[in-house]
Amino acid sequence: MDSSNSDKVHVFSSSSELLEKLNLKWSSVEKKPYPAMYSSIFGGIVLDPALMVIPIDDHMVHRGHGVFDTAIIIDGYLYELDVHLDRFLRSASKARISSPFLQSTLRSILIQLAAASQCKKGTLRYWLSAGPGDFLLSPAGCTTSAFYAVVIDEDFSQCREGVKVITSTIPMKSPLFATMKNVNYLPNVLSKMEAEEQGASASIWVDDEGYIAEGPNVNVAFVTRDKELILPSFDKILSGCTAKRLLQLAPKLVERGLLNGVKTANLTVKEAKDAAEMMYVGSTLPLLPIVMWDDQTIGDGKVGELTMALSDLIWEDMVAGPETQRIPVPYA
Ligand SMILES: Cc1ncc(COP(=O)(O)O)c(C=O)c1O
């Protein structure tokens with residue numbers, strides 16, 4: 001075949017021809033990973049993965065002008081949706097994106113989406129964007145902001161194996177950008193790749209004052225040799241919903257005499273590396289024990305007992321916690 005022919009780009013003659021091709025791709029996938037998507041541009045929910053698309057002239061696509069958040073679906077309940085939605089709208093306000101809907105409507109859409117997906121275990125991810133309009137830097141031409149959401153069918157369970165982490169050499173985001181969950185995750189992606197290349201699970205960011213910050217998509221927590229649970233304070237990092245819940249639940253271990261205290265504080269690298277136990281904290285983990293950091297073992301190098309006791313507290317809250325934390329999904 002002559003090369004000019006093989007390089008010839010096909011021009012689809014109709015949208016149905018393209019749809020046929022997209023459907024062919026999805027028909028060979030046994031279990032669809034994305035059972036449902038909502039788009040305010042469509043004004044509804046789609047179940048066909050071939051239609052789960054967003055406009056290329058959306059300011060979030062070409063300028064990163066968007067924010068996002070998540071929530072997990074576990075045993076048919078949405079866990080901590082309201083706390084995630086509060087953070088979502090705080091992020092949107094920092095990114096100067098006004099929501100096309102009231103918070104109560106966003107909540108109702110997400111619950112209906114989870115129900116339509118029939119997914120009993122997975123994650124819900126949602127975005128607010130300045131919306132489609134043109135390809136300029138200013139969002140002035142984007143007349144209506146957009147809301148997108150998708151359900152991802154995925155399994156997760158309590159993490160019980162210890163992992164290795166490294167100190168990130170990728171510069172962390174400045175506080176304005178680190179405290180809002182905006183779609184610019186390039187530093188986070190590079191930091192994760194750097195860790196994986198070195199056989200580590202992920203990385204730890206240290207801030208410009210030398211204090212422990214967070215991981216690329218997780219918070220970090222420590223149990224000191226005096227049995228105190230310490231999390232870095234949230235003024236320069238993302239205020240993690242799981243980390244905040246951990247701070248509410250951990251005093252139960254103080255009551256049981258297992259911990260001596262629970263607090264947020266600034267921790268230096270030396271103080272942190274001297275901890276008895278260390279862990280990542282984030283939505284689907286909910287806690288991931290860390291046993292080695294930059295070739296230094298943490299504590300005795302084994303998964304910490306207090307880490308697992310804290311993990312049990314959160315897991316119990318996820319699967320059987322109060323109605324304030326868990327919304328039953330009204331499946332049809
Ligand atoms: C940068 C960053 N820090 C921390 C977290 C943990 O937050 P959460 O517990 O709400 O999942 C995330 C999760 O999305 C994150 O992206």
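Modeller: Let's start with a term we will need: a polar contact is a pair of N or O atoms within 3.5 Å. Please keep in mind that the model we are looking at is predicted.

Biologist: Thanks! Which residue has a polar backbone atom 2.9 Å from an oxygen atom of the ligand?

Modeller: The cut-off for a polar contact is 3.5 Å. A distance of 2.9 Å from an oxygen atom of the ligand to a polar backbone atom is within that limit. The backbone atom belongs to Cys-241.

Biologist: How much of the accessible area of the ligand does the protein cover?

Modeller: Begin with the ligand on its own, which has 390 Å² of accessible area. Then add the protein and look at the part that it covers, which is 96%.

Biologist: Which residue places a polar side-chain atom 2.7 Å from a nitrogen atom of the ligand?

Modeller: Let's look at two side chains in turn. Arg-87 has a polar side-chain atom 2.9 Å from an oxygen atom of the ligand, so with a limit of 3.5 Å that pair counts as a polar contact. The pair with the nitrogen atom, at 2.7 Å, involves the side chain of Glu-214.

Biologist: How many residues surround the ligand?

Modeller: The space taken by the ligand is the largest pocket. The closest residues around the ligand are Lys-181, Tyr-185, Glu-214, Thr-242 and Ser-283. By class, the shell has five nonpolar, eight polar and three charged residues. The number that surround the ligand is 16.

Biologist: Which helices each supply at least two residues of that shell?

Modeller: Look for residues we have met already. Arg-87 makes a side-chain contact with an oxygen atom of the ligand, and its number falls within 81-94, the range of one helix. Cys-241 offers a backbone atom, and its number falls within 241-249, the range of the other. The two helices are α4 and α8.

Biologist: How many of the nine residues of α8 are buried?

Modeller: A residue counts as buried when its relative accessible area is under 20%. In α8 this holds for Cys-241, Thr-242, Ala-243, Arg-245, Leu-246, Leu-247 and Leu-249. The helix is therefore largely enclosed by the rest of the structure, and the count of its buried residues is seven.

Biologist: Is Leu-306 buried or exposed?

Modeller: Leu-306 is found in helix α11, residues 305-320. Its relative accessibility is 9%, and the limit is under 20%. Leu-306 therefore counts as buried.

Biologist: Which residue, other than a glycine, has a positive phi of about 55 degrees?

Modeller: Most residues other than glycine have a negative phi, and so a positive one catches the eye. One case is Asp-75, with phi near 50 degrees, in the loop between β3 and β4. The residue with about 55 degrees is in the loop between α4 and α5, and at 76% relative accessibility it counts as exposed. Its name is Arg-96.

Biologist: Where along the chain is the peptide bond that is cis, with omega near -20 degrees?

Modeller: Most peptide bonds are trans, so a cis one deserves a look. The proline of this bond lies in the loop between β12 and β13. The cis bond runs from Leu-285 to Pro-286.

Biologist: What distance separates the C-alpha atoms of Ser-157 and Leu-285?

Modeller: Ser-157 is in the loop between β6 and β7, and it is partly exposed, with a relative accessible area of 48%. Along the chain, Ser-157 and Leu-285 are 128 residues apart. In space, their C-alpha atoms are separated by 7.2 Å.

Key. Residues are numbered from 1 along each chain as its sequence is written. This is a predicted model: local features need pLDDT of at least 70, side-chain atom pairs count only at pLDDT 80 or more; totals for chains, interfaces and linings use all residues. Side-chain values use heavy atoms; hydrogens and water are left out. A residue is near a molecule or strand if one of its heavy atoms lies within 4 Å of it. A polar contact is a pair of N or O atoms within 3.5 Å; within protein, one must be able to donate a hydrogen and the other to accept it, and residues adjacent in sequence count only if both atoms are side-chain atoms. Accessible areas come from the Shrake-Rupley method with a 1.4 Å probe; for residues, only the protein chains shown count as cover. On a 1 Å grid over the protein atoms alone, a cavity is a set of points where a 1.4 Å probe fits but cannot get out, and a pocket is an open set with protein on both sides within 12 Å along at least five of seven lines; lining residues have an atom within 4 Å of a point. A molecule sits in a cavity or pocket if more than half of its atoms lie within 2 Å of its grid points. Helices (H or I, at least four residues) and strands (E, at least two) are DSSP runs, numbered from the N terminus. Ala, Val, Leu, Ile, Met, Phe, Trp, Tyr, Cys and Pro count as nonpolar, Asp, Glu, Lys and Arg as charged, and the others, Gly among them, as polar. Buried means under 20% relative accessible area, exposed over 50%, partly exposed in between (1.4 Å probe, protein chains only).
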